[in-house]
Amino acid sequence: MSAARVSMAVTGVLLAGVALAGPPRYERSASSEYDYAPVIHVEPIVRQVRVETPNRECYDEVRQVESRPHISDPEVGVRTLVGGLIGGVIGHQFGSGRGRDAATVAGAVVGAGVGYDAGARRSASVREEIVQRCEVRYEKRYEERIDGYRVTYEYNGREYTTRLPYDPGERIRVRVAVAVAE
């Protein structure tokens, strides 16, 4: 073997050894233990919440109702009949032949309508009716609600703060993980 080849082989072995002998890799320890730490301070985290409560309020309202009489009312019936006769007589004055008959019928119909309206207005009565009206109104108010707790605890001489959804009491459970440090 030539010196160059030996030199290359030795260099390759040395480089491979250095690459393999690099700094060791440490992975986070999956094994952890639990311990308890005393709680130093607990502070509730409070927020304002708007609450709307529906309230139904009812009141009585007086309404005037006009009652329209029916054709069977004697005054309305008489006025309708008289209006139809007068209208027929007036309509008969116009036209000749078949046109006169049509004008008579048209006059009678218009006259009966006018007579009915006049009779209905005279005998119409207005009465009061009590109607209950209701409305829903929303009462708005603000309440304080606890959104969580800011907890300060001590472990191994150091203070830590965390947020929890509940008050832990006098002590808190903590996870302790040990890892190699270099």
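These legends walk through several close-up views of a predicted model of one protein chain.

**View 1. The whole chain, before zooming in.** To get your bearings, start with the 3 helices and 4 strands of the chain. Read from the N terminus, the elements follow the order α-β-α-α-β-β-β. The chain has 182 residues, and 17% of them count as buried. Its accessible surface is about 14,700 Å², with 54% of that belonging to carbon and sulfur atoms. Take the contacts between residues at least 6 apart in sequence: 79% of them join residues at least 24 apart.

**View 2. The largest nonpolar core.** Here you meet a set of 9 residues: A37, V39, Y149, V151, Y153, Y155, L164, I172 and V174. Strands β1 (32-67), β2 (125-155) and β4 (171-177) each give two or more residues to this core. The most come from β2, which supplies 4 residues. In soluble globular proteins, nonpolar side chains tend to be buried together. Look at V151 for a sense of the surroundings: leaving aside neighbours within four places in sequence, V151 is in contact with V39, H41, Y160, T161, T162, L164, P168 and I172.

**View 3. Two threonines, T152 and T161.** T152 sits in strand β2, while T161 belongs to strand β3 (residues 158-164). Their side chains are joined by a polar contact of 3.5 Å. T152 is buried because its relative accessible area is 13%, under the 20% cut-off. T161, at 54% relative accessibility, counts as exposed because that value is over 50%. Not counting residues up to four places away in sequence, T152 touches V39, I40, H41, E159, Y160 and T161. With that same allowance for neighbours, T161 is in contact with R150, V151 and T152. V42 also belongs in this view: the C-alpha atoms of T161 and V42 are separated by 9.6 Å, although the two residues are 119 apart along the chain.

**View 4. A salt bridge between β1 and β2.** The count for the chain comes to 10 salt bridges. One of them pairs R63 with E129, whose closest N and O atoms are 2.7 Å apart. R63 lies in strand β1 and E129 in strand β2, so this pair ties together parts that are 66 residues apart in sequence. R63 is partly exposed, at 38% relative accessibility, and E129 is partly exposed as well, at 24%.

**View 5. R163, D147 and a small network of charges.** R163 forms a salt bridge with D147, and their closest N and O atoms are 3.3 Å apart. Because R163 lies in strand β3 and D147 in strand β2, the pair ties together parts 16 residues apart in sequence. R163 counts as partly exposed at 48% relative accessibility, and D147 is partly exposed at 38%. Shared partners among salt bridges join R47, D147 and R163 into one network.

**View 6. The pair R137 and E135.** In this salt bridge, the closest N and O atoms of R137 and E135 are 2.8 Å apart. R137 has a relative accessible area of 46% and is partly exposed; E135 is partly exposed too, at 33%.

**View 7. A nonpolar patch on the surface.** V78, V82, I86, I90 and F94 form this patch, with about 480 Å² of accessible area together. F94 is found in the loop between α2 (74-92) and α3 (98-123). With a relative accessible area of 54%, F94 is exposed.

Conventions:
Residues numbered from 1 in each chain as written. Predicted model: local features only at pLDDT ≥ 70, side-chain atom pairs only at ≥ 80, totals over all residues. Heavy atoms only, no water. Patch = residues over 30% accessible without salt bridge, like charges linked within 9 Å, V, L, I, M, F, W, Y side chains within 5 Å. Areas by Shrake-Rupley, 256 points an atom, 1.4 Å probe, with all protein chains shown as cover. Salt bridge = Lys/Arg side-chain N within 4 Å of Asp/Glu carboxyl O. Buried < 20%, exposed > 50% of the residue type's maximum accessible area, 1.4 Å probe, protein only. Contact = heavy atoms within 4.5 Å. Polar contact = N/O pair within 3.5 Å; in protein donor to acceptor, adjacent residues only side chain to side chain. Core = buried A, V, L, I, M, F, W, Y, C linked by side-chain atoms within 4.5 Å.
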